[in-house]
Amino acid sequence: MPLKWIVTGNLTADGAVAYLTADHSWSRQLTDVHVFHAKDDAESARKQATLKEAVVSDPYITEVADSGGKLDVLSTRERIRSQGPSVRFGYAVAKFSKTA
């Protein structure tokens, strides 16, 4: 499974996760991301993105894999960023308030 790369960061306005698209805009959806086959191309796009930090903060590249047509982020950090928090909102509060 050959590695590929994407450019990601956070939207400056609200901190939401953002992914660089093929038209060099930013999307909140991983499915919209532009996948780079060469790390150097991804790094070049990242450098261009740093010039637009009014839109996206701290852009960086990360490795992904193409698993049968589905994009798979490889690090735990990126998996959490793409899928959202790993604990349901209010879960701990509801659980502990029942035992009190």
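Okay, let's start with one pair of residues: Tyr19 sits opposite Ser27 of strand β3. Before going further, some ground rules. This is a predicted model, where local features need pLDDT of at least 70 and side-chain atom pairs count only at pLDDT 80 or more, while totals for chains, interfaces and linings use all residues. Numbering starts from 1 along each chain as its sequence is written, and side-chain values use heavy atoms, with hydrogens and water left out.

A word on vocabulary. When I say helix or strand, I mean DSSP runs numbered from the N terminus: H or I with at least four residues for helices, E with at least two for strands. Two strands pair if DSSP finds at least two bridges between them.

So, back to Ser27, which belongs to β3. Is Ser27 buried or exposed? Ser27 is buried, at a relative accessible area of 10%; buried is under 20%, exposed is over 50%, and partly exposed is in between, using a 1.4 Å probe and protein chains only. Setting aside neighbours within four places in sequence, Ser27 is in contact (heavy atoms within 4.5 Å) with Val17, Ala18, Tyr19, Thr21 and Asp32. There's also a polar atom in the Ser27 side chain that lies 3.0 Å from the backbone nitrogen of Gln29.

Now let's zoom out to the sheet. It's an open one with 5 strands, ordered β3-β2-β1-β4-β5, and the pairing is antiparallel. At the edges you'll find β3 and β5 (70-73), each pairing on one side only.

Let's walk across it. Between β2 and β3 there are 2 bridges. Next, 3 bridges link β2 to β1, and Gly9 faces Ala18 of β2 there. That hairpin of β1 and β2 has 5 residues between the strands, and Gly15 in it takes a positive phi near 80°.

Then β1 meets β4 through 8 bridges, with Leu3 partnered by Ala65 in β4. And β1 is largely enclosed by the rest of the structure, because 7 of its 9 residues are buried.

Last step: β4 and β5 are joined by 4 bridges, and Val64 stands opposite Val73 in β5. Their hairpin has 2 residues between the strands, and Gly68 takes a positive phi near 60°.

What about the helix? Helix α1 covers residues 39-49, and its buried residues are Ala42, Ala45 and Ala49. Looking down the axis of α1, these buried residues fall within an arc of 60°, so they line one face of the helix; the arc is that of the directions from the helix axis to the C-beta atoms. In general, an α-helix has 3.6 residues a turn, so residues three or four places apart point the same way.

Which strands help cover that face? Among what covers the buried residues of α1 are β1 (3-11), β2 (17-20), β3 (26-27) and β4 (56-67). And α1 lies across β1, β2, β3 and β4, running at about 155° to β4.

Finally, confidence. The chain has a mean pLDDT of 84, and 83% of its residues reach 70 or more; pLDDT is the predictor's confidence in each residue, from 0 to 100. Confidence is highest in α1, at 97, and lowest in helix α3 (residues 91-99), at a mean of 57. Where pLDDT is low, the predicted coordinates should not be read in detail.

Key
Axes are lines fitted to C-alpha atoms, for helices over the stretch in contact, and angles run from 0 to 180 degrees between N-to-C directions. A polar contact is a pair of N or O atoms within 3.5 Å; within protein, one must be able to donate a hydrogen and the other to accept it, and residues adjacent in sequence count only if both atoms are side-chain atoms.
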